[in-house]
Amino acid sequence: MTCQKDAPRATGNRAVAAIRLAPATVPGAMRQVVVRDTRMLSPNVRGLTLACSDGQPSDYVAGQWVNLEVDVGGVLDKRAYSIASAPRGGSPGELEIAVT
């Protein structure tokens, strides 16, 4: 998955995407997120910490996933990812996903 051509840390810019919690609590509702942090979890897996731009908490339960939509060169790329962080863990409005 490519959120943007330049890494957010390298440029000082934040990669922007939109997520929908699934199953959706509000059908069709998308929330804009920024990539707050990235780290390698293993040689083939990168963890992404996503923060909701609206600052509102991300309410989710264990086993829930997000549908992530990213504009890559004018083409909307949509993928589903399991949430890797514990519910209500970390900062409100943030969640983690793992990308292979």
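**Figure 1. The largest nonpolar core of this predicted model has 16 residues.** Those with the most contacts inside this core are Ile19, Leu50, Val66, Leu68, Leu95 and Ile97. Five strands each supply at least two residues of the core: β1 (16–22), β2 (31–42), β3 (45–52), β4 (65–72) and β6 (94–99).

**Figure 2. Asp54 and Arg31 form a salt bridge.** The closest N and O atoms of the two residues are 2.8 Å apart. Asp54 lies in the loop between β3 and β4, whereas Arg31 lies in strand β2, so the pair ties together parts of the chain that are 23 residues apart in sequence. Asp54 has a relative accessible area of 45%, which makes this residue partly exposed. Arg31 also counts as partly exposed, at 21% relative accessibility; the cut-off for buried is under 20%. A search of the whole structure finds 4 salt bridges, and the view here shows one of them.

**Figure 3. Arg36 and Glu94 form a salt bridge between two strands.** Here the closest N and O atoms are 3.4 Å apart. Arg36 belongs to strand β2 and Glu94 to strand β6, and the pair links distant parts of the chain, 58 residues apart. Arg36 is partly exposed, with a relative accessible area of 40%. Glu94 is partly exposed too, and its relative accessible area is 22%. Both strands also appear in Figure 1, where β2 and β6 are among those that each supply at least two residues of the nonpolar core.

**Figure 4. The side chains of Asp77 and Arg79 meet in a salt bridge.** The distance from N to O is 3.6 Å. Asp77 is partly exposed, with a relative accessible area of 24%. Arg79 counts as partly exposed at 39% relative accessibility.

**Figure 5. Glu69 is a buried residue in strand β4.** The relative accessibility of Glu69 is 16%. This value falls below the 20% cut-off, so Glu69 counts as buried. Leaving aside neighbours within four places in sequence, Glu69 is in contact with Ala17, Ala18, Arg20, Met30, Leu76, Asp77 and Lys78. One of these contacts, Asp77, is the residue that meets Arg79 in the salt bridge of Figure 4. Strand β4, where Glu69 has its place, is also one of the strands that supply at least two residues of the core in Figure 1.

Terms used. Residues numbered from 1 in each chain as written. Predicted model: local features only at pLDDT ≥ 70, side-chain atom pairs only at ≥ 80, totals over all residues. Heavy atoms only, no water. Core = buried A, V, L, I, M, F, W, Y, C linked by side-chain atoms within 4.5 Å. Buried < 20%, exposed > 50% of the residue type's maximum accessible area, 1.4 Å probe, protein only. Helix = DSSP H or I, 4+ residues; strand = E, 2+ residues; numbered from the N terminus. Contact = heavy atoms within 4.5 Å.
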